[in-house]
Amino acid sequence: MDRLYAPWRREYHTNKRNDCVFCDIASSREFDDENEVFYRDDICFFVMNRFPYNPGHFMIIPNRHVGEYEDLSDEEVSHIAKLAKKGVKILKEFGASGINMGWNIGFDAGAGIPEHLHLHLVPRFKRDTNMMTTVFNTRVYSADFDKIYEEIKKIANKYL
């Protein structure tokens, strides 16, 4: 089994919460910078993924605690879809040459937090799959997370 040293994940695994991390973020506007939230409104918020696939990976998350896509209201679905279009513009200006976008609905679909829906927007870059990914089955995040957050937030201010 390959292992990648990632000590920052310990907090995620050892933090025993009785509530939902996304609900905590939704109700804690005063911690937006600490939580890497770069947009919010009455329906949803945009937050950087703390365990990103690629630099710039963020999520759009409904404020309401809901775990099933079919339980979203029509207003929530429409609003999030419209904002996702703006999210694509943000990532393209960030330099993405492609974008993966999707919901992991349920634990068996890969959702790390299945009880609260979240839409992933993952920027893809030319040659972002290389020997490390192909041969060693390991991803390398080759950027400063805090600087990426600041850059995405600055770009987002143009579109949101």
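# Sheet, cysteines and two buried charged residues

Modeller: This predicted model holds an open sheet of 5 strands, in the order β1-β2-β3-β5-β4, with antiparallel pairing.

Colleague: What makes β1 and β4 edge strands?

Modeller: β1 (37-40) and β4 (98-103) each have a single partner strand, so one side of each is left without a neighbour in the sheet. From one strand to the next, the twist averages 15°.

Colleague: How do you know that β1 pairs with β2?

Modeller: Pairing takes at least two bridges. β1 and β2 (residues 44-48) are joined by 3 bridges and run antiparallel. Arg-40 has Phe-45 of β2 as its bridge partner.

Colleague: What supports the pairing of β3 with β5?

Modeller: The threshold is again at least two bridges. β3 and β5 share 3 bridges, in the antiparallel sense. Ile-60 faces Leu-119 of β5 there.

Colleague: And how many bridges link β4 to β5?

Modeller: There are 6 bridges, and the pairing is antiparallel. With at least two needed, β4 and β5 therefore count as paired. Gly-102 stands opposite His-120 of β5.

Colleague: Why is β5 called largely enclosed?

Modeller: Buried means under 20% relative accessible area. In β5, 5 of the 6 residues are buried, so the strand is largely enclosed by the rest of the structure.

Colleague: Which helices lie across β1 and β2?

Modeller: Helix α4 (residues 74-94) lies across β1, β2, β3 (58-62), β4 and β5 (119-124). It runs at about 20° to β5. Helix α6 (residues 145-159) lies across β1 and β2, at about 25° to β1.

Colleague: Turn to the cysteines. How many disulfides does the structure hold?

Modeller: The count is 0.

Colleague: Why is Cys-20 not counted in a disulfide?

Modeller: The two sulfur atoms must lie within 2.5 Å. For Cys-20 the nearest cysteine sulfur belongs to Cys-23, 3.9 Å away. That distance fails the cut-off, so Cys-20 is in no disulfide.

Colleague: Are Cys-20 and Cys-44 buried or exposed?

Modeller: The limit for buried is under 20%. Cys-20 has a relative accessible area of 5%, so it is buried. Cys-44 is at 0%, so it is buried as well.

Colleague: Now Arg-40. Where does it lie?

Modeller: Arg-40 is in strand β1.

Colleague: Why does Arg-40 count as buried?

Modeller: Its relative accessibility is 12%. Buried means under 20%, so Arg-40 qualifies.

Colleague: What makes the approach of Arg-40 to Asp-32 a polar contact?

Modeller: The N or O atoms must be within 3.5 Å, one able to donate a hydrogen and the other to accept it. The side chains of Arg-40 and Asp-32 meet at 2.7 Å, and the pair is a polar contact. A polar atom of the Arg-40 side chain also lies 2.9 Å from the backbone oxygen of Ala-26.

Colleague: Which residues is Arg-40 in contact with, leaving aside neighbours within four places in sequence?

Modeller: They are Ile-25, Ala-26, Ser-28, Arg-29, Asp-32 and Phe-45.

Colleague: Last, Asp-128. Where is its place?

Modeller: Asp-128 is in the loop between β5 and α5 (131-134).

Colleague: How do you know that Asp-128 is buried?

Modeller: Asp-128 has a relative accessible area of 15%. The cut-off is under 20%, so Asp-128 is buried.

Colleague: What separates Asp-128 from Asn-54?

Modeller: Along the chain they are 74 residues apart, while their C-alpha atoms are separated by 8.2 Å.

Conventions. Residues are numbered from 1 along each chain as its sequence is written. This is a predicted model: local features need pLDDT of at least 70, side-chain atom pairs count only at pLDDT 80 or more; totals for chains, interfaces and linings use all residues. Side-chain values use heavy atoms; hydrogens and water are left out. Helices (H or I, at least four residues) and strands (E, at least two) are DSSP runs, numbered from the N terminus. Axes are lines fitted to C-alpha atoms, for helices over the stretch in contact, and angles run from 0 to 180 degrees between N-to-C directions. Contact means heavy atoms within 4.5 Å. Buried means under 20% relative accessible area, exposed over 50%, partly exposed in between (1.4 Å probe, protein chains only).
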